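Student: I should like to understand how the terms used for a protein structure are justified. May we go through a case together?

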Amino acid sequence: MSVILDHLDVFAGGFWLTLQLCFLAAIGALLIGTVIAVMRISPVPPLRALGTAYVTVFRNVPLTIVFFFSAFALPALGSNADFLRIPGLDQIFNRLGIDLPYFRFAIIALSLYTGAFICEALRAGINAVPTGQAEAARAIGLTFGQNLRFVILPQAWKAAIVPLGSVIIAMIKNSALAGFFGVVGDLSNSGYSLITVQGEPAIPVMIGISIGFLIMTVPLGVLLDRVEKQRAVAR
Amino acid sequence: MSQVSTLYDAPGPRARRITLITSALVGVLTLVGVYYFVYRPLDTRGEFSMEKWGPLIDPTDENFTALWGRLWDGFQATLIAAALAVLGSLVLGTLLGIARIELKAMSKRRYVGLPTPLAVLLRGLTIGLDVISRIFVEVFRGLPVVITIVFVWLGLPSLGVELGKLLWYLVVGLVLYNTVVIAEILRSGMEGLPVGQREAAQAVGLSTGQTTRLILLPQAFRIMLPALISQLVVVLKDTSLGFIIGYEEVLRITSQIVQILDNQIQMYVVVGAIYILLNYGLSKLAGYAQRRMARGPKTRTLPTDATPNAALTEITTTA
């Protein structure tokens, strides 16, 4: 246990970086997922096909390969993911004064991968909205966009919140991979280097990493269970 | 899909024309964009040369046989690890799921008729086990699989447990995680069943264990089959994490090949495509299982068995 206390700053720093990574990737994934979900239900056949293809590809490929692509193929395209260098965010990427693109690559990989699952959760939510709602909206002359914006999506969010939550939990867990793909100083990377570089005993360090992840995932899971139970009673 | 199409009117000739023209335009624009931002940079790096693709697609290439032989080895290793993990987690997950249900039911029992200290001891034991199993589930459900696998790989030897081959560390790590997931899937399946099932089973004199084993579990398996199969996809994808601990599965072998042939983009495209095909097949299987479940033997015989009245109500509800 003393190992955890001795290196508390390392764990805290790792936790903080992982949290930032998860937060940014969750925003990205929600955006991508919503766009893809709208594409999949849109009246335009090519968009539907594109959305379906996206979901098929990213749901069936291991996250490891997605990470490989964002960490190796993006540089090959001559991109350092500079479009993500939004002023406020830039400080996070600039750790110790050096610009490391790997944090951005990790955000891209996680967002792309999770986006497919978000899309499916949202679509399940959209399917849970009673048919009459969409029909009534159409009957009073709302266009497809208005229909989604004012009638379907506000209700779909509610039905989708539990599946969305489990997708986000899965994403937090998946973010552990980032440490093995060049991101320096996140929870898994800093713990791993404590063991392999500094030669600390494995078990206490792993327990420290585990606590870090459990702090993020377990409360979310409990919250979701509660929401789900409330829903069950309400219905 | 029938639900989805209620979102908009069926497109008329004008809307179809607009769609066709804009998608053709956007398609051309995308092609141009892909050419300038993807093809050109890759081409200048020589990523489309036969030197890099040859070993993958040209049977006359000197490395072709060796490469696909290694990849086949890798996929075998991946599939073996996945199969072992699935088998282990199915068995253990079923046991854990049953245990969770049983413990939940038993912790409500008062053990009337037993001497007080024994009754208290038994109650304490069941409640304790209930709490422990719950913590076990929460912990391993909340941990990333990577961390579990690395934990097993680095942690077990320092506890004096040597598993020998790397395969077993990977399998144990995967089993730990998926056992918990499968147990939760089965548990929610059993708890989602109508209460009448359990009550009827008890009314005909089955014990709690028999009720779970004979009545609840088979139904939970049937209902949850799609979820179970999609969990198989997850296991198959997660075996790729063996790469991190150095298990020679397909990604590890791919990176070894990349070190020799220096064609990483090509290799990962091909391996990714194979993964997609495999997992897509499995998800199709899940969809097929779901459809089979939807028209199981019970619903199939319904129209002939049911009284006209019941058949009528069925028609009105499905319409």
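**Terms and their grounds**

Tutor: This is a predicted model. We may begin with helix α1 of chain B, which is hardly covered: the count of buried residues among its 32 residues is zero.

Student: What makes a residue count as buried?

Tutor: A residue is buried if 20 or more other C-beta atoms lie within 10 Å of its own. None of the 32 residues of α1(B) is counted as buried. In chain A, by contrast, 43% of the 235 residues count as buried.

Student: How many Å does α1(B) reach, and how many are expected?

Tutor: From its first C-alpha to its last, α1(B), residues 13-44, reaches 44 Å. That is close to the 46 Å expected at 1.5 Å a residue.

Student: Where does α1(B) bend?

Tutor: The bend, of about 40°, is at Y35(B). Just after the helix, G46(B) takes a positive phi of about 75°.

Student: Turning to chain A, why are α2(A) and α3(A) called oblique to each other?

Tutor: Their axes cross at roughly 130°. Angles over 145 degrees count as roughly antiparallel and 65 to 115 as roughly perpendicular. The crossing angle of roughly 130° falls in neither range, and α2(A) and α3(A) are therefore oblique.

Student: Which residues make the contact between α2(A) and α3(A)?

Tutor: From α2(A) come I36(A), M39(A) and R40(A). The residues of α3(A) include L47(A), L50(A), Y54(A) and V55(A). The axes come within 7 Å, and the crossing is left-handed.

Note on methods
Residues are numbered from 1 along each chain as its sequence is written. Chains are lettered from A and ligands numbered from 1 in the order in which they are written. This is a predicted model: local features need pLDDT of at least 70, side-chain atom pairs count only at pLDDT 80 or more; totals for chains, interfaces and linings use all residues. Helices (H or I, at least four residues) and strands (E, at least two) are DSSP runs, numbered from the N terminus. The expected span of a helix is 1.5 Å times one less than its number of residues. The bend at a residue is the angle between axes fitted to the seven residues ending there and the seven starting there. A residue is buried if 20 or more other C-beta atoms lie within 10 Å of its own, exposed if 12 or fewer, and partly exposed in between; C-beta atoms are placed from the backbone. Axes are lines fitted to C-alpha atoms, for helices over the stretch in contact, and angles run from 0 to 180 degrees between N-to-C directions. Angles under 35 degrees count as roughly parallel, over 145 as roughly antiparallel, 65 to 115 as roughly perpendicular and the rest as oblique. A crossing is left-handed if the near helix is turned anticlockwise from the far one by less than a right angle, and right-handed if clockwise. Two residues are in contact if their C-beta atoms, placed from the backbone, lie within 7 Å.
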